[in-house]
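Hi,

Here is the structure I promised to pass on to you. Have a look at it first, and then read on for my notes.

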Amino acid sequence: AKQAGGARTARFDESLRAEQSERARTAAGLRQALTDGSLFMHYQPVVDTASGRATGVEALMRWRRGGELVPPGVFIPIAEQTGLIGALGTRALRLACAQAATWHREHGLYLTVNVSTHQLRDPGFTAAVLEILADTGLPAAALVLEITESVLIDAADTPVLGSLRAHGIRIAIDDFGTGYSSLAYLHALPVDILKIDQSFIRRHEDPPRPQDVSLTRAILELARSQDLLAVAEGVETAGQAELLRDLGCPLVQGYHYGRPVDAAAIDTLMREDAFQ
Ligand code: C2E
Ligand code: CA
Ligand code: CA
Ligand code: CA
């Protein structure tokens, strides 16, 4: 038994070592991606349910390593663990703002960008964002920064959010409903937009079940009561789209309206007048 345990430990050590070296390899690749062009952004339309047209775009980071695209769900956590997220996030923000400045000028589009809470803890964050806005010409009022709810518990984050808002930048809570004390601090946080997590939207079948509908309606009422603009994420079917319009959800996002695509594809959509 002792021997078997020893073998297990050795196997465990080995897989841990493999994981560590894979992480180190990814971190080295990410460091390079900051300058070699392998890091870029895709953009997904955010659609206004009243007009049926796109009113904004969410920027989503993409990394091409060798021939394949590494999903952000894989490389963002490693960037956070290795402290690279600051540089990566700034790079992503700059790329997205530069791109969206034209879209905003020509079509009034707003840009929404994901931000890791690690970035908020950098005391120079607000200044860095303002510098990027000044360099790219995107107005502060056209920028939304999205923060994931589950990690937004830290009260130390609120002054940064307050200072960003004082400059006209809007703040969104991402993945709303997946964190744990959502209700307790929702009214205390300086936020403008509430993004309903995909898990609530995807569960809507055709025809929708009454208890699912009332849950979504309750979240929308909560948003309204707190003066927050609601966005439903992960809308994949025509039935879900119709339901959210009927429930008065102001903004929607999902494969039903458009997948994340590169900047050139957004340009084409704009030429085809898909945006307002
Ligand atoms: P998120 O911010 O919640 O982004 C939404 C994710 O859902 C995106 O995955 C998007 O491609 C996907 N999605 C959109 N519509 C649908 C739909 O109708 N159905 C389904 N099944 N999925 C849909 P993606 O691009 O893989 O990003 C995953 C996560 O990685 C993001 O979740 C966000 O948390 C993080 N992330 C992406 N870009 C950045 C970034 O620039 N900075 C930071 N800090 N995090 C980022
Ligand atoms: Ca997001
Ligand atoms: Ca997320
Ligand atoms: Ca989300």
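Strands β5 and β6 are a good place to begin: they pair in the parallel sense, and five bridges link them. The model is predicted, by the way, so please read everything below with that in mind. Strand β5 covers residues 143–148, and β6 covers residues 170–176. If you want a spot to look at in this pairing, V144 stands opposite R170 in β6.

On another pairing of β5, you will find strand β4, residues 110–115. These two strands also run parallel and are joined by five bridges. Here V144 turns up again, as the bridge partner of T112. V144 therefore has a partner in each of two strands, T112 in β4 and R170 in β6.

How enclosed is β5 by the rest of the structure? Five of its six residues are buried, so the strand is largely enclosed. The cut-off behind that word is a relative accessible area under 20%.

Now to the ligand. Ligand 1 sits in the largest pocket. Several elements give two or more residues to the shell around it: β1 (39–48), β2 (53–65), α2 (72–81), β4, β6 and α8 (198–202). Which of them gives the most? That is β2, with four residues. In total, 22 residues surround ligand 1, and the closest are R62, N114, Q198, E236 and Y255.

Some polar side chains are worth picking out on your screen:

- Q198 has a side-chain N or O atom 2.7 Å from an oxygen atom of ligand 1.
- D174 places a polar side-chain atom 3.0 Å from an oxygen atom of the ligand.
- E58 does so at 3.2 Å, again to an oxygen atom of ligand 1.

How much of the ligand does the protein bury? Taken alone, ligand 1 exposes 810 Å², and 81% of that is buried by the protein.

One last residue to look at is H42, which has its place in strand β1. Is H42 buried or exposed? Its relative accessible area is 15%, and the cut-off for buried is under 20%, so H42 counts as buried. The side chain of H42 also makes a polar contact, at 3.4 Å, with the side chain of R62. You have met R62 already, as one of the closest residues to ligand 1.

Enjoy exploring it!

Best wishes

Note on methods. Residues numbered from 1 in each chain as written. Chains lettered and ligands numbered in written order. Predicted model: local features only at pLDDT ≥ 70, side-chain atom pairs only at ≥ 80, totals over all residues. Heavy atoms only, no water. Buried < 20%, exposed > 50% of the residue type's maximum accessible area, 1.4 Å probe, protein only. Pairing = 2+ DSSP bridges. Near = heavy atom within 4 Å. Polar contact = N/O pair within 3.5 Å; in protein donor to acceptor, adjacent residues only side chain to side chain. Areas by Shrake-Rupley, 256 points an atom, 1.4 Å probe, with all protein chains shown as cover. 1 Å grid on protein atoms, 1.4 Å probe; cavity = no way out; pocket = protein on both sides within 12 Å on 5 of 7 lines; lining within 4 Å. Sits in = over half its atoms within 2 Å of the grid points.
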